[in-house]
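Here are some informal notes to read alongside the structure. Keep the 3D view open and look up each residue as you go.

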Amino acid sequence: MIGRRGKLLIALYIVFLVILFLMCSTDLIIREPEKEIYQIAVIIEDAKSDNYVNFRKGMDQAAMEFNADVHFITLYEKRNAKQQTELMERERQDGADALIVVPADEEQAAGLQPVIPVIFLRSGQGEGAGAGSIITDYKKMGEQIAHEMLKDSPADSPVLMLGDMGKQSTVDSLFLEGAKAVYGAAGRSWQIGAGKESVRASLEALTNREGAKVVILAGNPDILTEAAGILADNPAIADRVQGLYGRGGTLPILNYLDRGLITGICVTDEYGVGYLSVRMAVQALEGAFSQLPEVMDSYYVRKEDLRKPVYEKMLYPIE
């Protein structure tokens, strides 16, 4: 038999346990350490750029996982390296913990010595800089798609390469440079289009050509989209085209590929680029600097590849 004193001690013990439980559950004693939210600024040229949507989705996912707040800044003027440097300094002064930057001038970016961690998203040119870098090798991508074009087209098919002549970005130049190298090594010739403004004129001229059908390589996603739209609206021109190729995975491009108006495209995992860049920025803030650049693979995709799970996940990521 438990006496009155024993019962009182048991009651007090139970009350003590209840109070202790309540205090713990309401953080009065044991507090969860507050996680620091990292402020990361992303400086890019244009929010309408190739695959921006998938790139942003990857960043948003990483931001949730790694406790980061990501915001975007675009340049007022494309390829303005001075303005980009000024924006980087402004963001640092405004409290950004780290930066993710697509360099307007990769050579200039290589010489920067940022005060805070910077992750550069580069095209494979120039030396590495900052706390880490992610590289998309556009020259290699051009070589890759040119090999596919050579396999698809007869030896006598003339090749038309369309680009923004006189105002090409580094990416466009590297992409076409890679394709030219492959065609040159194969002893095949090509013709260069006069510029984006004459895409329609260049394609309309095809209807007056004699001989083999023409193979077309678009130097950037905008030109590829425009060229595919022209073929869609002009069956006579489309009939003179052996194949239309290019790069980029925007929805219009994927739709034209699915309709058979585009023969093949080269893409990178833009969702992966966005995700990795935020992860690398957070790791740098926590002291884990990456000495070697992360080199992204590029993939050649045809119409029949669009429904493959690996490409569906890459090209149509779910938020």
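1. Where is serine 153 found? Look in the loop between helix 5 and strand 6 (159-162), and you will find serine 153 there. One thing to keep in mind throughout: this is a predicted model. Is serine 153 buried or exposed? Its relative accessible area is 8%, and the cut-off for buried is under 20%, so serine 153 counts as buried. Its side chain reaches the backbone oxygen of methionine 149 at 2.8 Å. If you leave out residues up to four places away in sequence, serine 153 touches Tyr183, Arg188, Val215 and Gln242.

2. Now step back to the whole chain. It has 12 helices and 12 strands. There are 319 residues, and 44% of them count as buried. The chain exposes about 17,000 Å², with carbon and sulfur atoms supplying 52% of that area. Take the contacts with a separation of 6 or more: residues 24 or more positions apart account for 71% of them.

3. Helix 5 covers residues 138-152, which makes 15 residues. From its first C-alpha to its last it reaches 21 Å, close to the 21 Å expected at 1.5 Å a residue. At the start of helix 5, have a look at aspartate 137: one of its side-chain oxygens comes to within 3.3 Å of the backbone nitrogen of lysine 139. Buried residues in helix 5 include Tyr138, Met141, Ile145 and Leu150.

4. Helix 6 (residues 170-185) is worth viewing together with helix 5. Helix 6 has 16 residues and reaches 22 Å between its first and last C-alpha, close to the 22 Å expected at 1.5 Å a residue. What do the buried residues of helix 6 pack against? They pack against helix 5, strand 6, strand 8 (214-218) and strand 9 (241-247). Among those buried residues are Asp172, Leu174, Phe175 and Tyr183. Helix 6 is followed by glycine 187, whose phi is positive, near 75°.

5. For a close-up of helix 6, pick valine 182, which lies in it. Valine 182 has 10% relative accessibility, so this residue counts as buried. Which residues is valine 182 in contact with, leaving aside its neighbours within four places in sequence? They are Glu143, Ala146, His147 and Leu150. You can also check glutamine 144: its C-alpha is separated by 8.7 Å from that of valine 182, although the two residues are 38 residues apart along the chain.

6. Another spot to visit is phenylalanine 175. Arginine 247 lies over the face of this ring, at 5.7 Å from the ring centre.

7. Next, the aromatic rings. A pair of aromatic rings is described by the distance of the centres and the angle of the planes. How many aromatic pairs does the structure hold? There are 4 aromatic pairs. One of them joins tyrosine 52 and phenylalanine 72, edge-to-face, at 5.7 Å centre to centre with 80° between the planes. Tyrosine 52 is in helix 2 (residues 52-65) and phenylalanine 72 is in strand 2 (residues 68-74), so this pair ties together parts that are 20 residues apart in sequence. Phenylalanine 55 also pairs with phenylalanine 72, again edge-to-face, with 6.5 Å centre to centre and 85° between the planes. That second pair links helix 2 and strand 2 too, with its residues 17 apart. Tyr52, Phe55 and Phe72 form one aromatic cluster. Tyrosine 52 counts as buried at 16% relative accessibility, and phenylalanine 55 counts as buried at 7%.

8. The rest of helix 2 is worth a look as well. With 14 residues, helix 2 reaches 20 Å from first C-alpha to last, close to the 20 Å expected at 1.5 Å a residue. Its buried residues include Asn54, Gly58, Met59 and Ala62. The buried residues of helix 2 pack against several elements, including strand 1 (38-44), strand 2 and helix 11 (270-285). Just after helix 2, asparagine 67 takes a positive phi of about 60°.

9. Last stop: asparagine 80, in the loop between strand 2 and helix 3 (81-93). Its side chain reaches the backbone nitrogen of glutamine 83 at 2.9 Å. Not counting residues up to four places away in sequence, asparagine 80 touches Leu75 and Ala104.

Methods
Residues are numbered from 1 along each chain as its sequence is written. This is a predicted model: local features need pLDDT of at least 70, side-chain atom pairs count only at pLDDT 80 or more; totals for chains, interfaces and linings use all residues. Side-chain values use heavy atoms; hydrogens and water are left out. Rings of Phe, Tyr and Trp (its six-membered ring) pair if their centres lie within 6.5 Å; planes under 30 degrees apart count as stacked, over 60 as edge-to-face and the rest as tilted. Helices (H or I, at least four residues) and strands (E, at least two) are DSSP runs, numbered from the N terminus. Buried means under 20% relative accessible area, exposed over 50%, partly exposed in between (1.4 Å probe, protein chains only). A charge sits over a ring if NZ of Lys or CZ of Arg is within 6 Å of the ring centre and within 35 degrees of the ring normal. The expected span of a helix is 1.5 Å times one less than its number of residues. A polar contact is a pair of N or O atoms within 3.5 Å; within protein, one must be able to donate a hydrogen and the other to accept it, and residues adjacent in sequence count only if both atoms are side-chain atoms. Contact means heavy atoms within 4.5 Å. Accessible areas come from the Shrake-Rupley method with a 1.4 Å probe; for residues, only the protein chains shown count as cover.
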